[in-house]
Amino acid sequence: MKIKLVMLVSIFAFGLALNANAGAVVDTDTDLVPDAFDNCTALANGPAEDSNQVDTDQDGYGNACDADYGFTGAGGDFLITTGDFPIFLDAFTGSAPNLATDHNGDGLTTTADFSTFLAQFQGTQPLGPGLSCAGVTVPCLP
Ligand SMILES: [Ca+2]
Ligand SMILES: [Ca+2]
Ligand SMILES: [Ca+2]
Ligand SMILES: [Ca+2]
């Protein structure tokens, strides 16, 4: 956890340096991770949150904003569909644990995570990764 925090602070410092000549660093969700490095730009998932940039399937979309569990490399659809629900359900019941369904980073798949799934399924929660490789290459890491 501490190493991860140090890493994020380094990334943030790097982002600051990169943007020094371009003006202020853009951090839309004010989670201390600049948009260019934030795997959920519209949702706070920085060092202060348990979901701290965790991206289980390494597709560039952080777990906090990624209810597309079907993406496993080439052929992933990047859409949240009814096909993702059984995967969530299996993780929820424990028959097939899957860390990608832990959206809030508490290590469990609970009804709190289902709220995230539902919001994304209904399109009311934005995805918004800032990484240029998001949805293009796997692994997509900052
Ligand atoms: Ca941010
Ligand atoms: Ca974020
Ligand atoms: Ca992901
Ligand atoms: Ca959870």
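The legends below accompany close-up views of a predicted model.

**Figure 1. Overall make-up of the predicted protein, which contains three helices and zero strands.** Read from the N terminus, the elements of the protein follow the order α-α-α. Of the 142 residues in the protein, 35% are buried. Among the contacts in the protein that have a separation of 6 or more, 44% are accounted for by residues 24 or more positions apart.

**Figure 2. The largest nonpolar core, with 10 residues in all.** This core is made up of Val33, Phe37, Cys40, Leu43, Tyr61, Ala64, Cys65, Leu127, Leu131 and Ala134. A second core, separate from the largest one, has eight residues, and among them are Ala67, Tyr69, Ile80 and Ala100. In soluble globular proteins, nonpolar side chains tend to be buried together.

**Figure 3. Helix H2 and the face formed by its buried residues.** Phe88, Ala91 and Phe92 are the buried residues of H2; when the helix is seen down its axis, they fall within an arc of 100 degrees, so they line one face of H2. Pro86 and Thr93, on the other side of H2, are exposed. The buried residues of H2 are covered by elements including H3. Gly94, which follows H2, has a positive phi, near 90 degrees.

**Figure 4. Helix H3 (residues 111-121) and its buried residues.** Asp113, Thr116, Phe117 and Gln120 are buried in H3, and because these buried residues fall within an arc of 100 degrees when seen down the axis of H3, they line one face of the helix. Thr111 and Ala112 lie on the other side of H3, where they are exposed. The packing partner of the buried residues of H3 is H2. Just after H3 comes Gly123, with a positive phi of about 75 degrees.

**Figure 5. Surroundings of Gly62, a residue in the loop between H1 and H2.** Gly62 is buried, because 29 other C-beta atoms lie within 10 Å. When its neighbours within four places in sequence are left aside, Gly62 is in contact with Asn39, Cys40, Asn45, Ser51, Gln53, Val54, Asp55 and Pro129. One of these contact residues, Cys40, also belongs to the largest nonpolar core. The view further includes His103, which is 41 residues from Gly62 in sequence and, C-alpha to C-alpha, 8.5 Å from Gly62 in space.

**Figure 6. Thr30, a residue with a positive phi that is not a glycine.** The phi of Thr30 is about 45 degrees. Most residues other than glycine have a negative phi. Thr30 is placed in the loop between helix H1 (2-18) and helix H2 (85-93). Because Thr30 has 9 C-beta neighbours inside 10 Å, Thr30 counts as exposed.

**Figure 7. Gln58, a residue with a positive phi in the loop between H1 and H2.** Although Gln58 is not a glycine, its phi is positive, at about 55 degrees. With 16 other C-beta atoms within 10 Å, Gln58 is partly exposed.

Methods. Residues numbered from 1 in each chain as written. Chains lettered and ligands numbered in written order. Predicted model: local features only at pLDDT ≥ 70, side-chain atom pairs only at ≥ 80, totals over all residues. Core = buried A, V, L, I, M, F, W, Y, C linked by C-beta atoms within 7 Å. Buried ≥ 20, exposed ≤ 12 C-beta atoms within 10 Å, placed from the backbone. Helix = DSSP H or I, 4+ residues; strand = E, 2+ residues; numbered from the N terminus. Contact = placed C-beta atoms within 7 Å. Arc of directions from axis to C-beta.
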